[in-house]
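Please look at the sequence and the structure shown below. The paragraphs that follow go through some of its helices and strands one group at a time.

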Amino acid sequence: MYRTHTCGELRIEHINQSVTLSGWVQKVRNLGGMTFIDLRDRYGITQLVFNEETHKELCEQTAELGREYVIQIKGQVAERSNKNNRIPTGDIEILAEELTILNSSELPPFTIEDETDGGDELRMKYRYLDLRRNPVRENLVLRHKIGFEVRNYLNNQDFIETETPVLIKSTPEGARDFIVPSRMNEGQFYALPQSPQVFKQLLMVSGFDRYFQIVKCFRDEDLRADRQPEFTQIDCEMSFVEQEDILNTFEGMTKHLFKTIKNVDIDYTFPRLSYADAIKYYGSDKPDTRFEMKFVDLTDDVKGSEFKLFNEAEYVGGICADGCATYTRKQLDKLTDFVKKPQIGAGGLIYIKFNADGTVKSSIDKFFSAEQLKEIGAKFNAKDGDLVLILAGALNKTLTALCELRLEMGEQMGLRDKNKFSPLWVVDFPLLEWDEDSNRFHAMHHPFTSPKAEDMDKLDSAPGDVRANAYDLVINGVEIGGGSVRIFNDELQQKMFKLLGFTEEEAESQFGFLMNAFKYGAPPHGGVAFGFDRLVSLFAGLDSIRDVIAFPKNNSGRDVMIDSPSTVAQEQLNDLSIALNLKEQ
Ligand code: ASP
């Protein structure tokens, strides 16, 4: 038997017991006459003591040990004279009687400590060592627990977990596909699923009624902190439901997770915000509602002054930062530089300080009297001591820039507390969005999303104005999930494909199977998919999803540990009848 207990288990009540432990050597301290070893496993750290006086040979044996050696120890549990209240086993130690080296270890390339000296790239190359570190492992334990509670909740709601294939054909989530050549079908390719969308809808046609799957999805997109080429969704679909039924079910799941994982009670119904209002008040369809600071539209109020910028701008709007009138010139210059960054792209920043003493100071003093500035302030309900920040320019660009400014101010004012959670549903998304490059409409969610019944008559006359039964769950400015009520009638589905610019043949060749299925009694249905990695990283208080994935890829989509992607043997290419035509040699 390798062990009787784990390294996190022994307490004061185990004193005098003979035990066997196995684990990794975290640290060896030789204090002359006494050698102490911290022995570590997944469950914790236990201190071992080697006494030179009573166990001379054994003590000498410890000289061989280095960091990360794997050892087995037999000994007696004893009360420590010097207790360590920072670890749960800190009241006891093991008086070592027998030591077996189970395996040696090379010196690890970085320290296996909570705070390590290893840089990102090095830790990724040796990810299996990085995973020995507590904070990294804890993220994965959290991931496991959340997955477990998801299954628990959905199982109790009669959902059936069903696997769907990975070698399929293109699915319409709007990203580029990863493709896999088929050896047995020369010149043909599978695509990896961007999501199991069509399969889950087919399962509804099959009468499964409630489906879910915690499933890998693949999208060949440029990577960011919250994107990986392969990521995991909690993918769900339900039959005989309306939008409200779906929102309630998954609001329930979200609350269940907050309760069971974080012990946070959310006793209110998640607010519902229309897409139009999300853009109007926050400049984003995933607003961070941990704090207010809503946009105030001034476009019509500031026309007709001497100030050309305001007169000519398509949109003038701003935010009010409570208590920030004390911002110095330097701080305001920094904010101006922030909004002028190319990624944000505002032309400049206008401020109005409503000083605590009742005076007003603004960068547009020349064009507006103190009275006029106070009138503008009133639109924001600005009090003495507040700072109003205004941007002007083209509508969409300015809204987006103002969104960034709002988030930055929220950050500076300490309003984006990672321990505060503010969930909401964003609803009533537009069905379609116009794409300037291809000069046609794209589905805002995906082509299977149902238009709202009350907007159906605009489908021909004003397709851009049609709203969809589509919704996103947003928490703290992160899109955690999204879904829609689906089209379940083949005629409407065909019409949708036509609006999206598919010819009948294209629609038939790509989605003929689905439209065919719809001819055999498809039930009304709808669903949602949650970004599992994002959900875990939100619960863990992290900014990147990489930290909650055991073996993630870097920003170039590489796994630097296994060194993938990599070239393949010419023979493999021959088997697939593939010749490379490389852009760079
Ligand atoms: N398939 C969708 C997605 O991946 C989710 C859904 O509509 O259920 O975003």
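The model is predicted. A good place to begin is helix α9, residues 329-340, which lies across strands β14 and β16. The direction of α9 makes about 30° with β16. Helix α10, residues 370-379, also packs on the sheet, where it touches β12, β14, β15 and β16. The direction of α10 makes about 90° with that of β14.

The sheet itself comes next. It is open and has five strands, in the order β12-β13-β16-β14-β15, with antiparallel pairing. Its edge strands are β12 (296-297) and β15, each of which pairs on one side only. Strand β13, residues 315-321, is joined to β16 by seven bridges, and the two run antiparallel. One position to find in this pair is Tyr315, which stands opposite Gly393 of β16.

On to β14, which covers residues 350-354. How many of the residues of β14 are buried? Five of its five residues are, so the strand is mostly covered, where buried means under 20% relative accessible area. In a regular strand, side chains alternate between the two faces of the sheet. In β14, Ile350, Ile352 and Phe354 point one way, while Tyr351 and Lys353 point the other way. Residues on both sides of β14 are buried, Lys353 among them.

Strand β14 has a partner on each side. With β16, residues 387-393, it shares four bridges, and these two strands run antiparallel. With β15, residues 360-362, it shares three bridges, again in the antiparallel sense. Ile352 can be used to follow both pairings: its bridge partner in β16 is Val388, and its bridge partner in β15 is Ser362. Strands β14 and β15 form a hairpin with five residues between the strands. In that hairpin, Gly358 takes a positive phi near 90°.

The model also holds a closed barrel of five strands, which runs β1-β2-β3-β5-β4 with mixed pairing. Neighbouring strands in the barrel are turned by 55° against each other on average, direction ignored. One pair in the barrel is β4, residues 70-79, and β5, residues 92-103, which run antiparallel and are joined by ten bridges. Within this pair, Ile73 stands opposite Leu99 of β5.

Now turn to helix α6, residues 243-262. It has 20 residues and reaches 28 Å from its first C-alpha to its last, close to the 28 Å expected at 1.5 Å a residue. An α-helix has 3.6 residues a turn, so residues three or four places apart point the same way. The buried residues of α6 include Gln243, Ile246, Phe250, Met253, Leu257 and Phe258. Leu247, Thr249, Glu251 and Thr254 are also among the buried residues of α6. After α6 comes Asn263, which has a positive phi near 55°.

The last stop is a pair of helices. Two packed helices are described by the angle between their axes and the distance between the axes. For α13, residues 490-499, and α14, residues 504-517, the angle is about 160° and the axes are 11 Å apart. Are these two helices roughly parallel or roughly antiparallel? Angles over 145 degrees count as roughly antiparallel, and α13 and α14 are therefore roughly antiparallel to each other. The crossing of α13 past α14 is right-handed. Where they meet, α13 brings Asp490, Gln493, Gln494 and Phe497, and α14 brings Ala507, Phe511 and Met515.

Key
Residues numbered from 1 in each chain as written. Predicted model: local features only at pLDDT ≥ 70, side-chain atom pairs only at ≥ 80, totals over all residues. Heavy atoms only, no water. Expected span 1.5 Å × (residues − 1). Buried < 20%, exposed > 50% of the residue type's maximum accessible area, 1.4 Å probe, protein only. Pairing = 2+ DSSP bridges. Axes fitted to C-alpha atoms, helices over the stretch in contact; angles between N-to-C directions. Parallel < 35°, antiparallel > 145°, perpendicular 65-115°, else oblique. Left-handed = near helix turned anticlockwise from the far one by under 90°. Contact = heavy atoms within 4.5 Å.
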